[in-house]
Amino acid sequence: MTTKVLQQFDGQLLLKILNTLKDPIWLIEKNGNVLLVNQAAEENFSVGKLIGQNVFKMEKEGLFSPSIARLVIEQKQFISTTQITHNNVQLLVSGDYILDENQEIQYVVTHARQLSQTINQSNELEKVESILQLYKQQIRELILQKNEQDEDFYVGKSKAAQSISVWSQKIADVDTTVLLNGETGVGKTAYAYRIHQRSSRNDKPFIHLDCAAIPESLLESELFGYKKGSFTGANANGKLGLIAAADQGTLFLDEIGEFPLPLQSKLLQFLQNKTYRMIGDNQVQQADVRIIAATNVNLKERVDEGTFRKDLFYRLNILPMKIPPLRERREDIIPLLNFYLKKFNQKYGHQHTLSKNLMDTLYNYSWEGNIRELENLMERLVITSAGPQIDNDDLPSDFPLQQSGQMFLQNVEEMSLPRYLEQIEKSILIKTYNDTNSTWKTATKLGVSQSYVIRRLKKYNLRISGKELIDD
């Protein structure tokens with residue numbers, strides 16, 4: 001049995017699984033066309049071949065009533081009700097839906113059982129729903145396995161990357177809070193979305209909030225919403241917050257280390273009770289939201305500094321997930337280069353290849369910006385390179401072909417060793433601060449405390465002018 005769905009993933013395996021079941025199973029497109037049925041469904045409806053027929057038309061012709069698929073599509077929710085067939089057989093039929101990337105219904109899955117088999121089983125509805133969820137999970141996994149090759153996200157082949165992949169899959173289908181730790185550009189947002197995709201909430205909203213990008217004065221209203229007339233300049237009709245928008249789904253709080261201290265108690269209350277109050281409203285609201293948070297700073301140090309609540313940290317840190325920087329999993333660099341080369345060749349209609357010299361150069365590069373820096377560089381090279389093969393000569397003029405340590409050696413004979421080491425440290429501090437514009441981020445990037453960085457700035461008479469660190 002071949003259909004266009006079976007061509008998209010391993011349909012033969014799925015069909016074998018479904019044919020082991022004695023209850024009729026249907027997979028139906030949003031337009032009502034039957035894409036897949038098991039043997040039990042064909043045996044229950046002796047009306048010829050079911051594949052390709054339209055359930056809306058079958059309902060009008062009196063073959064069954066009502067159409068469960070139609071009810072699911074109209075109400076966009078799980079449906080379980082009695083259905084009567086053309087030969088007066090009563091079935092208990094349950095249906096649920098699978099969404100596409102635009103959050104629109106793409107497929108409906110239905111499961112049927114003769115009502116006489118369930119009449120004496122008080123928990124049968126719960127069992128039917130559990131079975132249906134299992135079918136949805138199986139279909140989702142098969143689709144994910146097919147689509148992973150085409151996603152704008154690469155897990156990696158290194159031991160560290162594989163370990164993260166296994167861990168993310170293990171924690172995906174629970175509702176416990178996850179805290180992602182890693183440098184800027186390692187793919188925290190991609191991992192958060194991957195966890196959401198593999199969870200039972202995958203057909204519900206995934207809302208991304210960058211806590212560092214929104215001013216403190218606006219963050220509360222953005223997250224929790226407000227009632228109309230709450231403050232001057234507010235929308236006259238009020239506004240639902242992102243928590244309400246993420247109900248039944250996942251809320252990803254990026255850069256949680258920048259979350260304002262005055263609002264942390266309100267966030268903690270929501271994490272503990274799933275309840276919150278909109279600005280200007282005394283009524284308690286409730287939302288079923290799974291929280292995934294991410295940070296590139298050391299939250300324990302923030303707790304010690306008094307800028308982050310200890311109880312909030314422990315509430316967020318139930319399922320921690322450390323994503324190592326690219327320089328600590330170099331086995332992933334070459335596959336990543338090939339992945340993004342293929343992606344941007346397809347995007348811009350090119351057929352570039354990478355020379356061995358360039359591959360060696362990029363393999364040994366430090367990648368301080370991690371995967372994001374690698375992706376951006378590959379897009380630039382694909383666009384700007386003239387020849388079919390991209391080489392070192394095609395790299396941007398400011399790309400460091402030598403390691404910083406080698407460049408420092410040029411003047412080593414002109415000063416004592418302590419003075420020489422101070423100059424190296426001073427240069428590294430200036431460069432790192434000017435890249436990050438933050439003493440916190442400078443400390444995190446260099447693996448030291450913020451107080452250490454501040455002491456060194458004073459020692460070397462370095463001062464902040466505008467957004468740059470300069471040498472007095």
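Accessible areas here come from the Shrake-Rupley method with a 1.4 Å probe, and for residues only the protein chains shown count as cover. On that basis the chain exposes about 24,500 Å², with carbon and sulfur atoms supplying 47% of it. The structure is a predicted model, so local features need pLDDT of at least 70 and side-chain atom pairs count only at pLDDT 80 or more, while totals for chains, interfaces and linings use all residues. Residues are numbered from 1 along each chain as its sequence is written, and side-chain values use heavy atoms, with hydrogens and water left out.

Going by DSSP runs, numbered from the N terminus (helices are H or I of at least four residues, strands are E of at least two), the chain has 20 helices and 19 strands. Of its 472 residues, 45% are buried; buried means under 20% relative accessible area, exposed means over 50%, and partly exposed is in between (1.4 Å probe, protein chains only). A contact means heavy atoms within 4.5 Å. Among contacts with a separation of 6 or more, 62% are between residues 24 or more positions apart.

Now for the inside. A nonpolar core is taken as a set of buried Ala, Val, Leu, Ile, Met, Phe, Trp, Tyr and Cys residues joined through side-chain atoms within 4.5 Å. The largest one holds 32 residues, and Leu-223, Ile-243, Leu-251, Leu-253 and Ile-256 touch the most other members. Elements that each supply at least two residues of this core include strand S8 (206–210), helix H9 (216–224), strand S11 (250–254), helix H11 (261–273) and strand S14 (290–295). H11 gives the most, with 5 residues. Leaving aside residues up to four places away in sequence, Ile-243 touches Leu-223, Phe-224, Leu-251, Phe-270, Tyr-276, Ala-287 and Val-289.

S8 shows a neat alternation: Ile-207 and Leu-209 point to one face and are buried, whereas Phe-206, His-208 and Asp-210 point to the other and are not. Two strands pair if DSSP finds at least two bridges between them. S8 and S11 run parallel and are joined by 5 bridges, with Asp-210 partnered by Asp-254 in S11.

Helix H7 (residues 159–172) has 14 residues and reaches 20 Å from its first C-alpha to its last, close to the 20 Å expected at 1.5 Å a residue; the expected span is 1.5 Å times one less than the number of residues. Ala-161, Ile-164, Ser-165, Ser-168, Ile-171 and Ala-172 of H7 are buried. Seen down the axis, these buried residues fall within an arc of 145°, so they line one face of the helix; the arc is that of the directions from the helix axis to the C-beta atoms. The face turned away carries the exposed residues Lys-159, Val-166 and Lys-170. Cover for the buried side includes strand S7 (178–181), helix H8 (188–197), S14 and strand S15 (319–322). Tyr-191 lies in H8 and is buried, at 1% relative accessible area. Its C-alpha is 7.7 Å from that of Ser-168, although the two residues are 23 apart along the chain.

Another helix, H14 (residues 333–348), has 16 residues that should span 22 Å, and its end C-alpha atoms are indeed 22 Å apart. Its buried residues, among them Leu-336, Phe-339, Tyr-340 and Phe-344, pack against strand S16 (353–354), helix H15 (356–364), helix H16 (370–384) and strand S17 (389–390). Gly-349 follows H14, with a positive phi near 70°.

There is also an open sheet of 6 strands, in the order S2-S1-S6-S5-S4-S3, with antiparallel pairing. Strand S2 (34–37) and strand S3 (64–65) sit at the edges, each pairing on one side only. Strands S5 (residues 90–99) and S6 (residues 105–114) pair over 9 bridges, and Leu-91 has Gln-114 as its partner in S6. Strand S1 (residues 25–29) and S2 are joined by 3 bridges, with Ile-28 opposite Val-34. Their hairpin has 4 residues between the strands, and Gly-32 takes a positive phi near 95° there.

A few backbone oddities are left. A cis peptide bond joins Ser-65 and Pro-66, with omega about -5°, and Pro-66 is in the loop between S3 and helix H4 (68–75). Trp-367, in the loop between H15 and H16, has a positive phi near 50° and is buried at 0% relative accessible area. Asn-437 has a positive phi near 55° but counts as partly exposed, at 38% relative accessibility.
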